[in-house]
Amino acid sequence: MDIRISDVANDSIVDGQGLRLTVFTQGCPHHCKGCHNPQTHDFKGGKIVDTNDIIKLAEENPILDGITLSGGEPFMQAESCNDIALKAKKIGLNIWTYTGFTFEEILNSNDKNKIELLKNTDVLVDGKFIEEERSLELNFCGSRNQRVIDIKKTIENNNNIVLKSFDF
Ligand code: SF4
């Protein structure tokens with residue numbers, strides 16, 4: 001399946017817990033002030049690759065903990081990102097997804113692909129980057145409004161947000 005991406009980082013330790021392959025999807029509608037990845041905003045930019053090639057890249061790294069879907073806005077290509085998530089889980093990798101949407105916006109979107117991607121995500125970092133709320137003290141997110149959500153526990157908790165706990 002095709003996906004439009006800006007770039008891939010195959011040894012990231014900043015986009016989630018552990019060693020990760022990060023896919024920077026191309027195209028973002030949010031235009032947050034102070035965004036660190038403005039080159040990912042153009043929906044016609046970047047390049048188109050096959051999701052299987054991303055999985056192959058992940059398979060080449062035996063010490064990888066997971067794949068991070070970042071942006072850009074992964075939920076604007078939810079079907080392709082979900083394809084990556086499903087295949088990644090089959091080879092034992094976890095999925096973190098960064099989004100400018102909130103958990104509630106995705107859940108209420110009535111969009112099958114977006115909701116599937118949400119369900120196949122282990123940890124969701126949600127919300128726009130708000131420059132006025134920027135902090136360097138946060139784990140794996142940039143501004144205080146953003147939440148690092150444990151999706152499995154949140155779904156078990158009737159969609160009431162359960163934040164990811166960190167044991168370090
Ligand atoms: S959602 Fe992320 S990529 Fe999109 S504008 Fe905001 S910070 Fe940048």
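Leaving aside its neighbours within four places in sequence, which residues is Thr51 in contact with? I shall begin there, and I should say at once that we are looking at a predicted model.

Thr51 is in contact with Met1, Ile3, Ser80, Asp83, Ile84 and Lys87. The residue belongs to helix 1, which covers residues 51–59. Thr51 counts as buried, because its relative accessibility is 0%, and the cut-off for that class is under 20%.

Let me turn to Phe24. This residue is part of strand 2, residues 20–25. With a relative accessible area of 16%, Phe24 is also buried. Beyond the residues up to four places away in sequence, Phe24 touches Ile5, Ser6, Asp7, Ala9, Asp15, Asn37, Ser70 and Gly71. Asp7 deserves a further word: Phe24 and Asp7 are separated by 17 residues in sequence, yet their C-alpha atoms are 5.3 Å apart in space.

Gly71, one of the residues that Phe24 touches, leads to a point of backbone geometry. The peptide bond from Gly71 to Gly72 is cis, with omega near -10°. Gly72 is placed in the loop between strand 4 (66–70) and helix 2 (78–90).

Two residues other than glycine have a positive phi. For His31 the value is about 50°, and for Phe140 it is about 65°. His31 sits in the loop between strand 2 and strand 3 (47–50), while Phe140 sits in the loop between strand 6 (123–126) and strand 7 (147–150). Are these two residues buried or exposed? His31 is exposed, at a relative accessible area of 53%, whereas Phe140 is buried, at 17%.

Next, the pocket. The largest pocket has a volume of about 710 Å³. Its lining consists of 30 residues, and those nearest the centre are Asn37, Ser70, Tyr98, Phe129 and Gln146. Asn37 and Ser70 are also among the residues that Phe24 touches. By class, the lining has 12 nonpolar, 15 polar and three charged residues.

Finally, the cysteines. How many disulfides does the model contain? The count is zero. A disulfide is a covalent bond between the sulfur atoms of two cysteines. For Cys81, the closest cysteine sulfur is in Cys28, at 12 Å, and this is too far for a bond because a disulfide requires the sulfur atoms to be within 2.5 Å. Both residues are nevertheless buried: Cys81 has a relative accessibility of 0%, and Cys28 has one of 8%.

Technical notes
Residues numbered from 1 in each chain as written. Predicted model: local features only at pLDDT ≥ 70, side-chain atom pairs only at ≥ 80, totals over all residues. Heavy atoms only, no water. Helix = DSSP H or I, 4+ residues; strand = E, 2+ residues; numbered from the N terminus. Buried < 20%, exposed > 50% of the residue type's maximum accessible area, 1.4 Å probe, protein only. Contact = heavy atoms within 4.5 Å. 1 Å grid on protein atoms, 1.4 Å probe; cavity = no way out; pocket = protein on both sides within 12 Å on 5 of 7 lines; lining within 4 Å. Points joined across faces, edges and corners; volume = space filled by probe spheres on them. Nonpolar A, V, L, I, M, F, W, Y, C, P; charged D, E, K, R; others polar.
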